[in-house]
Amino acid sequence: MSYLPDPPMASMLYALEIPPTGGNTEFVNMYSVYEALPADLKRRIAGLEVKHDGTYNSGGYVRQGIAPTDDPRASPGIFHPLVCTHPETRRRMLYLGRRRNAYIKGFDLADSETLLDMLWAYTDRAEFAWHTVWQVGDLVLWDNRCTMHRRDPFDPAARRVMHRTQIKGQARPSA
């Protein structure tokens with residue numbers, strides 16, 4: 001929900017029913033991603049803002065009342081700093097939302113896409129990730145301000161039932 005002006009600070013997932021295979025979750029440490037960036041790339045992205053798209057929900061479906069577009073400059077969403085400082089730890093981290101329809105403010109589209117692809121390549125590195133294999137009854141809590149997550153695919157005929165809880169944020173992401 002990083003497409004909101006004041007995103008939730010944390011989330012919890014509780015596994016009620018899991019598919020026989022797949023449907024697991026990978027969490028990425030965005031402190032570590034930022035720290036791994038070369039110094040010249042850190043300088044290049046300092047002060048930039050990235051659009052966090054609000055077109056699609058977590059299931060990949062278009063939100064009610066939204067007209068989808070392939071142009072991220074025209075998609076609904078909010079700009080947040082690309083590099084943020086955690087309000088409690090004071091550590092710097094990369095702050096990305098979903099890749100689809102992300103856009104760096106003030107860039108032409110091709111340059112925005114190139115830079116975002118470069119940054120997203122760091123988020124795919126295994127050394128920054130923790131992968132949970134769900135068991136019924138598992139509860140995972142994470143800090144949305146410094147963690148990204150994604151779900152593995154699973155058979156659409158299988159059921160995956162999770163209860164999700166969001167903990168309201170108290171401050172906007174800030175540089």
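# Exercises on a predicted model

Leaving aside neighbours within four places in sequence, Leu94 is in contact with Met30, Val33, Tyr34, Leu37, Ile45, Leu82, Val83 and Leu119. The model used here is predicted.

**Exercise 1. Place Leu94 in the largest nonpolar core, and find which elements build that core.**

Step 1. Start with the size. The largest nonpolar core has 27 residues.

Step 2. Look for Leu94. Leu94 is among the residues with the most contacts inside this core, along with Met30, Leu37, Ile45, Leu82, Leu96 and Leu119.

Step 3. List the elements that give two or more residues to the core. The helices are H1 (30-36), H2 (39-45) and H3 (109-123). The strands are S5 (83-85) and S6 (92-94).

Step 4. Pick the main contributor. H3 gives the most to this core, with 5 residues.

Step 5. Look beyond this core. Another core lies apart from it, with 7 residues, including Leu13, Phe27, Trp142 and Met162.

Step 6. Set this against a general trend. In soluble globular proteins, nonpolar side chains tend to be buried together.

**Exercise 2. Work out the strand order of the open sheet of 3 strands, and say which strands stand at the edges.**

Step 1. Read the order. It runs S4-S3-S7, with antiparallel pairing.

Step 2. Find the edges. S4 (77-81) and S7 (103-104) each have a single partner strand, so one side of each has no neighbour in the sheet.

Step 3. Check one pairing. S3 (residues 49-53) and S4 pair in the antiparallel sense over 5 bridges.

Step 4. Zoom in on one pair of residues. Lys51 stands opposite Phe79 in S4.

Step 5. Stay with Phe79. Lys105 lies over the face of Phe79, at 5.2 Å from the ring centre.

**Exercise 3. Decide whether His52 is buried or exposed, and describe its surroundings.**

Step 1. Locate the residue. His52 is found in strand S3.

Step 2. Apply the cut-off. Buried means under 20% relative accessible area. His52 has 0%, so His52 is buried.

Step 3. Find a polar partner. The side chains of His52 and Ser2 make a polar contact (2.7 Å).

Step 4. List the contacts, leaving aside neighbours within four places in sequence. His52 is in contact with Ser2, Tyr3, Pro76, Gly77, Ile78, His80, Tyr95, Leu96 and Gly97.

**Exercise 4. Find how many aromatic pairs there are, and which residue lies over the face of Tyr31.**

Step 1. Count. There are 3 aromatic pairs.

Step 2. Look for a cluster. Phe27, Trp130 and Trp142 form one aromatic cluster.

Step 3. Turn to Tyr31. Arg91 lies over the face of Tyr31, at 3.9 Å from the ring centre.

Notes:
Residues numbered from 1 in each chain as written. Predicted model: local features only at pLDDT ≥ 70, side-chain atom pairs only at ≥ 80, totals over all residues. Heavy atoms only, no water. Pairing = 2+ DSSP bridges. Helix = DSSP H or I, 4+ residues; strand = E, 2+ residues; numbered from the N terminus. Core = buried A, V, L, I, M, F, W, Y, C linked by side-chain atoms within 4.5 Å. Buried < 20%, exposed > 50% of the residue type's maximum accessible area, 1.4 Å probe, protein only. Contact = heavy atoms within 4.5 Å. Phe/Tyr/Trp six-rings, centres within 6.5 Å; stacked < 30°, edge-to-face > 60°. Lys NZ or Arg CZ within 6 Å of the ring centre and 35° of its normal. Polar contact = N/O pair within 3.5 Å; in protein donor to acceptor, adjacent residues only side chain to side chain.
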